[in-house]
Amino acid sequence: MHYKYKIEFDPRKCKCCNNEFVPQHHAQHHCSTECRATYNRDRSRERDRQERMKRKGNKSLSQLQREARMLGMSYGMYVAQMQKGAV
Ligand SMILES: [Zn+2]
C-alpha cells in the first residue's frame, strides 16, 4: 500500500457532510472550511433554540399551560411540540 500523501492522522468522517477525509490536525472534524462554517452555524442556531427553550420564550409556566389548554394539549405535549418547532 502506498500513499500519495503522508498520513499523520487516521481518516475520519466529516461531521457535516459525512465524507471521509484526512484531518490536518487532531481537532479537525470537518473536511472543509465550508463544512465547518455550516456546522458551527447550525450549532449556534441549535444553541440559540435551546437558550430560548430554557427561557421558554419569555413565557411564564402558567401562560404556557394556558396556551396548551387552548390547543387541547397537555403542557408536556405542548412543550414537546414547541421543541419540534411545530407550534
Ligand atoms: Zn464535509
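How many of the 23 residues of helix 1 are buried? The number is zero, so helix 1 lies largely in the open. Keep in mind that this is a predicted model.

**The overall picture**

The protein chain holds three helices and two strands, and from the N terminus they come in the order β-β-α-α-α. Burial is scarce: 3% of the 87 residues count as buried. Take the contacts between residues at least 6 apart in sequence, and 5% of them join residues at least 24 apart.

On confidence, the average pLDDT of the protein chain is 86, and 87% of the residues score at least 70. Among the elements, strand 1 comes out highest at 96, while helix 1 is lowest with a mean of 88.

**The helices**

Here are the three helices and where they sit in the chain.

| Helix | Residues |
|---|---|
| Helix 1 | residues 33-55 |
| Helix 2 | residues 61-70 |
| Helix 3 | residues 75-84 |

Back to helix 1 for a quick check on its length. At 1.5 Å a residue, its 23 residues should span 33 Å, and the C-alpha atoms at its ends are indeed 33 Å apart, so the two figures agree.

Helix 2 and helix 3 pack against each other at an angle of about 95°, and their axes are 8 Å apart. Angles of 65 to 115 degrees count as roughly perpendicular, and therefore that is the label for this pair, helix 2 and helix 3. On the helix 2 side, the contact is made by Leu64, Gln65, Glu67 and Ala68, and helix 3 brings in Tyr75, Met77 and Tyr78. Sorted by type, the residues of this contact are five nonpolar, one polar and one charged.

**The strands and their loop**

Strand 1 covers 12-13 and strand 2 covers 20-21, with Asn18 in the loop between them. What is the sign of phi at Asn18? Phi there is positive, near 70°, in a residue other than glycine. Most residues other than glycine have a negative phi. Asn18 is also exposed, because just 9 other C-beta atoms lie within 10 Å, and 12 or fewer is the cut-off for that label.

Lys13 belongs to strand 1. It counts as partly exposed, because it has 13 C-beta neighbours inside 10 Å. Setting aside neighbours within four places in sequence, Lys13 is in contact with Asn18, Asn19 and Glu20, so the loop residue Asn18 turns up again here. Lys13 and His29 are 16 residues apart in sequence, yet their C-alpha atoms are 7.4 Å apart in space.

Methods
Residues numbered from 1 in each chain as written. Predicted model: local features only at pLDDT ≥ 70, side-chain atom pairs only at ≥ 80, totals over all residues. Helix = DSSP H or I, 4+ residues; strand = E, 2+ residues; numbered from the N terminus. Buried ≥ 20, exposed ≤ 12 C-beta atoms within 10 Å, placed from the backbone. Contact = placed C-beta atoms within 7 Å. Expected span 1.5 Å × (residues − 1). pLDDT = per-residue confidence, 0-100. Axes fitted to C-alpha atoms, helices over the stretch in contact; angles between N-to-C directions. Parallel < 35°, antiparallel > 145°, perpendicular 65-115°, else oblique. Nonpolar A, V, L, I, M, F, W, Y, C, P; charged D, E, K, R; others polar.
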